[in-house]
Protein chains: 2
Amino acid sequence: MPVESLAKQYEGVSPGTMDRLIASTREDMEAVNRLILSRSDSPVDMVPEVANHLIDAGGKRLRPMLTLAAAALFGTAQGNGVRFAAAVEFMHNATLLHDDVVDESDMRRGRPAARTIWGNQASVLVGDFLLGQAFLMMVESGDLDALGVLSRAAAVIAEGEVFQLAKAGDLSATPEDYEKIISAKTATLFEAATEVGAKAGGADPLARKALAVYGRELGMAFQLVDDVLDYGGAKGALGKNTGDDLREGKMTLPIILALQTASPEERRIIEVALGNADGGDVEFEAVLAILNRYGALAQTMAKAERHANAARAALADIAPSEVRDILFDVPEFCTARAY
Amino acid sequence: MPVESLAKQYEGVSPGTMDRLIASTREDMEAVNRLILSRSDSPVDMVPEVANHLIDAGGKRLRPMLTLAAAALFGTAQGNGVRFAAAVEFMHNATLLHDDVVDESDMRRGRPAARTIWGNQASVLVGDFLLGQAFLMMVESGDLDALGVLSRAAAVIAEGEVFQLAKAGDLSATPEDYEKIISAKTATLFEAATEVGAKAGGADPLARKALAVYGRELGMAFQLVDDVLDYGGAKGALGKNTGDDLREGKMTLPIILALQTASPEERRIIEVALGNADGGDVEFEAVLAILNRYGALAQTMAKAERHANAARAALADIAPSEVRDILFDVPEFCTARAY
């Protein structure tokens, strides 16, 4: 997708950072996009149809850009950096296809989800295909070490999603449960993305570890912000893409924190709305009022800011460069989305 | 599961062959079973619950036994042979979990399918977990070459399943379409199982190729027989596990062959029954009568026999040994199930 439209998605919030990340990875991303296109092709028409429906919808491609930037920090992203970036994006897209089935979502990236057009079956199977192709690209890298990072990530992500499923609608879920879930389902892939990127670029073990920490902390911040955005951002307000988590019964941090201090009556309001797929604006706004009353969204954002700071801190010993500066600013861009 | 109960599943049909395969791989299978148990464990309770529900149900474990036997042909199965066997079984079980979602099956291996107990969501996600664990075990083998074989297999299997889905209920499906489907969705994993087994045992390139061909041909025979069994075997009769393919609209060879010579009225009978999830014994027996009229099951079995012969022929240049004799008899055991 053209750089312009990617940058447009972030209009109003720290456009500079995203523009600079996009610009600095542009050439390598072209190679990644070519690889993505060729590896999602198949003589079975339904495979590229489903895959491209999702891939063409754009998305941020933040993870592969992070892989490329992490590689460029230490050397070149060409070669294995590009392979890993494409593999990371395939893993992410496979997860999205399966998540839509799991969450019974009708929409994804502003378009009907693949499962609403081709059915759950095709979404499951094309997800499996993309996962297989991701592993194949990693095998082609010849880097067993990076392969270990990414295959471990695949198992951990699935484990985290199962844990999230098991905790859905469970009012006794704790902040620790939530932390385990987002650490597994989101931070693991961000960590893998930057770690294998650093590896591809030739980072020494210490620098590679620093980039792994950077990715993990950024991923935590990213998911916390995402979960705040589902309640309309730090200010908490009904909006275009709000309320899905509530309707799906997802025990995200804002809800968990609010439940800790809610009155029995407020608790009941939350309980009724959680997992009620038919819940409307009235139910959502009632819950929102409770979240705002107890500052649950602000507290969640404060936690996101701490992780964003930790991500920045992880880069402290990396030699200064333009790419380092850009990576340094990405966490702020992530959290800024919520204000 | 105890060897006795495994052998019991095959009672009446060439029990000798299965017993000998089980006995000759017994020690290594114990190591495989331990690995399977430890790698399907997780602090997230639902993961081992779902995984073990399927794994405990037994199944034939034919694929991992073939991997072990292929390794033992040339050397020892301990070490990478055991790892690959467990990885192959995990890939197979991941596919089964996803297949149940795709086929909307209620039963699997004589028990309620995982999805009927834990839901589609858990089946999709635990399948993903097993796939991730499979790759991790392969990474631990340190054998990039075998990793390539198995990750390519993962993508091809998914592609084959999508093709099968796209062809479901399509009366214009050809024998070539069917061959493509079963070659991808079944023969690929059999081929990978024996090829990586041979690799683990230290086979030279020529012998490795021979075992790959053996696995592929055996897999073709196995699936053809399976599809005949879904119509009650070579004689075609209503039975305990018959009619699923018809109700799911699967264009298997018996149906494709019958359609080639069916009268317009017979064609209509097949058309109505295909993909009719509520179809009962009456619809099934009407279709069965047509299959029997045109010898569609016998023709399918003849094709299975040809593949079984090709599997045996592939072993021609392998040095004689007890394991070779056992592998030589497995194709016959496979086809005998249908008579």
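How are α6(A) and α7(B) oriented relative to each other? This is a predicted model, in which local features need pLDDT of at least 70, side-chain atom pairs count only at pLDDT 80 or more, and totals for chains, interfaces and linings use all residues. Residues are numbered from 1 along each chain as its sequence is written, and chains are lettered from A and ligands numbered from 1 in the order in which they are written.

**Stop 1: confidence**

Colour by pLDDT, the predictor's confidence in each residue, from 0 to 100. Chain A has a mean of 92, with 95% of its residues at 70 or more. Select residues 1-14 of chain A: the pLDDT there is below 50, and the stretch has 19 contacts in the model beyond near neighbours in sequence. Contact here means C-beta atoms, placed from the backbone, within 7 Å. Where pLDDT is low, the predicted coordinates should not be read in detail. The model scores are ipTM 0.91 and pTM 0.92.

**Stop 2: the two chains**

Show both chains. A turn of 180° with a shift of 0.0 Å along the axis lays chain A on chain B with an RMSD of 0.0 Å, which is the relation of a two-fold axis. The superposition is by least squares on the C-alpha atoms of residues with pLDDT of at least 70 in both copies.

Next select the interface, where 36 residues of chain A are in contact with 36 residues of chain B. On chain A, α3 (46-56), α5 (80-103), α6 and α7 (144-167) each supply at least two residues of this side. Helices are DSSP runs (H or I, at least four residues), numbered from the N terminus. The side of chain A that touches chain B divides into 23 nonpolar, nine polar and four charged residues. Nonpolar covers Ala, Val, Leu, Ile, Met, Phe, Trp, Tyr, Cys and Pro, charged covers Asp, Glu, Lys and Arg, and the others, Gly among them, are polar. The copies meet through the same surface, because 100% of the interface residues of chain A are also interface residues in chain B.

**Stop 3: α6(A) against α7(B)**

Select residues 114-141 of chain A and 144-167 of chain B. The axes of these helices, α6 and α7, come within 8 Å and cross at roughly 160°. Axes are lines fitted to C-alpha atoms over the stretch in contact, and angles run from 0 to 180 degrees between N-to-C directions. α6(A) and α7(B) are therefore roughly antiparallel (over 145 degrees). Among the residues that meet are A:Leu125, A:Phe129 and A:Leu136 in α6(A), and B:Leu147, B:Ala155 and B:Val162 in α7(B). This contact has 15 nonpolar, five polar and four charged residues.

**Stop 4: α3(B) against α6(B)**

Stay on chain B and select residues 46-56 and 114-141. Helices α3 and α6 pack at about 100°, with axes 9 Å apart, so α3(B) and α6(B) are roughly perpendicular (65 to 115 degrees). The residues that meet include B:Val50 and B:Leu54 in α3(B), and B:Trp118 and B:Phe129 in α6(B). By class, 12 are nonpolar, two polar and none charged.

**Stop 5: α4(A) against α15(A)**

Finally, select residues 62-74 and 322-336 of chain A. Helices α4 and α15 pack at about 145°, with axes 9 Å apart. A:Ala69, A:Ala72 and A:Leu73 of α4(A) make the contact with A:Val323, A:Arg324, A:Ile326 and A:Leu327 of α15(A). These residues divide into six nonpolar, no polar and one charged.

Methods
Parallel < 35°, antiparallel > 145°, perpendicular 65-115°, else oblique. Contact = placed C-beta atoms within 7 Å.
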